[in-house]
Amino acid sequence: MTDNIKAVVFDADDTLWLNEPLFRGAEQECFAVLSEYGSAQWLNEELYKTEMENMEELGYGAKAFIMSMLETAYRVSDGKIDASRLMKLVEAGRRILRNPATPLDGVRETLTRIRACGRYSMSIIPHWRWRRKRWGGVWGTRESVKKKRR
């Protein structure tokens with residue numbers, strides 16, 4: 001059965017490195033900034049609604065999440081939230097973007113072994129442009145991955 005496998009594709013976030021705790025931390029900061037407008041549970045529901053409304057247009061990821069936090073803040077405050085508080089939300093989101101994407105234990109070694117065997121094409125799905133710099137050539141070049149996808 002494994003003889004038919006030609007490629008291995010990784011969804012990197014929370015598979016190769018932890019990402020979810022960063023989003024949960026930003027959510028908690030958002031709820032603290034917006035606490036005068038409602039409970040954390042209600043704000044969580046409102047943020048989720050905004051994320052779902054934005055999904056088709058913005059997709060998912062840190063930038064879409066930042067936009068959703070800002071839109072939610074504006075909506076739940078009836079447009080009264082001040083710019084300094086909005087900037088706190090932007091900064092909470094930027095901390096997600098600045099995440100060094102540190103590989104989980106054993107990931108680098110495993111990927112190196114898969115690549116070294118030469119049997120499989122490998123690819124990673126999200127955020128190739130800015131994350132690839134942090135992996136020190138484990139994946140090869142961006143162009144080699146593009147060619148393998150064809």
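A salt bridge is counted where a side-chain nitrogen of Lys or Arg lies within 4 Å of a carboxyl oxygen of Asp or Glu. In the predicted model described here, the side chains of Arg85 and Glu36 satisfy this criterion, with an N to O distance of 3.1 Å. Arg85 belongs to helix 4 and Glu36 to the loop between helix 1 and helix 2, so that this pair ties together parts of the chain that are 49 residues apart in sequence. The two partners differ in their surroundings, since Arg85 is buried, with a relative accessible area of 17%, whereas Glu36 is exposed, at 57%.

The protein contains seven helices and two strands, which follow one another along the sequence in the pattern β-α-α-α-α-α-β-α-α. Of its 150 residues, 34% are buried, and the accessible surface comes to about 9600 Å², with 53% of that area belonging to carbon and sulfur atoms. When contacts between residues at least 6 apart in sequence are considered, 69% of them join residues at least 24 apart.

Confidence in the prediction varies along the chain. The mean pLDDT is 84, and 82% of the residues reach 70 or more; the highest confidence is found in helix 4, at a mean of 97, and the lowest in helix 6 (residues 128–131), at 41. Values stay under 50 over residues 128–136, a stretch for which the model has 25 contacts beyond four places in sequence, and again over residues 139–150, for which there are 23 such contacts. Where pLDDT is low, the predicted coordinates should not be read in detail.

Helix 3 comprises the 15 residues 62–76, and its end C-alpha atoms are 21 Å apart, in agreement with the 21 Å that would be expected at 1.5 Å a residue. Its buried residues include Ala62, Phe65, Ile66, Met69 and Val76, and the buried residues of this helix pack against helix 1 (20–33), helix 2 (40–58) and helix 4 (83–97). Helix 3 is followed by Asp78, whose phi is positive, near 55°.

On the surface, a nonpolar patch of about 460 Å² is made by Tyr48, Met52, Met55 and Tyr60. Met52, which is found in helix 2, counts as partly exposed because its relative accessibility is 38%.

A search of the whole structure finds eight salt bridges. One of them joins Glu27 to Arg24, with the closest N and O atoms 2.8 Å apart; as these residues are three positions apart in helix 1, about one helical turn separates them. Glu27 is buried, with a relative accessible area of 9%, while Arg24 is partly exposed, at 32%. A further salt bridge is formed between the side chains of Arg98 and Glu91, at an N to O distance of 2.5 Å. Both partners are partly exposed, Arg98 with a relative accessible area of 48% and Glu91 with one of 29%. These two residues also take part in a network of salt bridges that links Glu29, Glu91, Arg95 and Arg98.

The loop between helix 4 and helix 5 (107–117) contains Asn99, which is buried, with a relative accessible area of 9%. Although Asn99 and Trp17 are 82 residues apart along the chain, their C-alpha atoms are separated by 10.0 Å.

Methods:
Residues are numbered from 1 along each chain as its sequence is written. This is a predicted model: local features need pLDDT of at least 70, side-chain atom pairs count only at pLDDT 80 or more; totals for chains, interfaces and linings use all residues. Side-chain values use heavy atoms; hydrogens and water are left out. Helices (H or I, at least four residues) and strands (E, at least two) are DSSP runs, numbered from the N terminus. The expected span of a helix is 1.5 Å times one less than its number of residues. Buried means under 20% relative accessible area, exposed over 50%, partly exposed in between (1.4 Å probe, protein chains only). Contact means heavy atoms within 4.5 Å. Patches are made of residues with over 30% relative accessible area and no salt bridge: like charges are joined within 9 Å, nonpolar side chains (Val, Leu, Ile, Met, Phe, Trp, Tyr) within 5 Å. Accessible areas come from the Shrake-Rupley method with a 1.4 Å probe; for residues, only the protein chains shown count as cover. pLDDT is the predictor's confidence in each residue, from 0 to 100.
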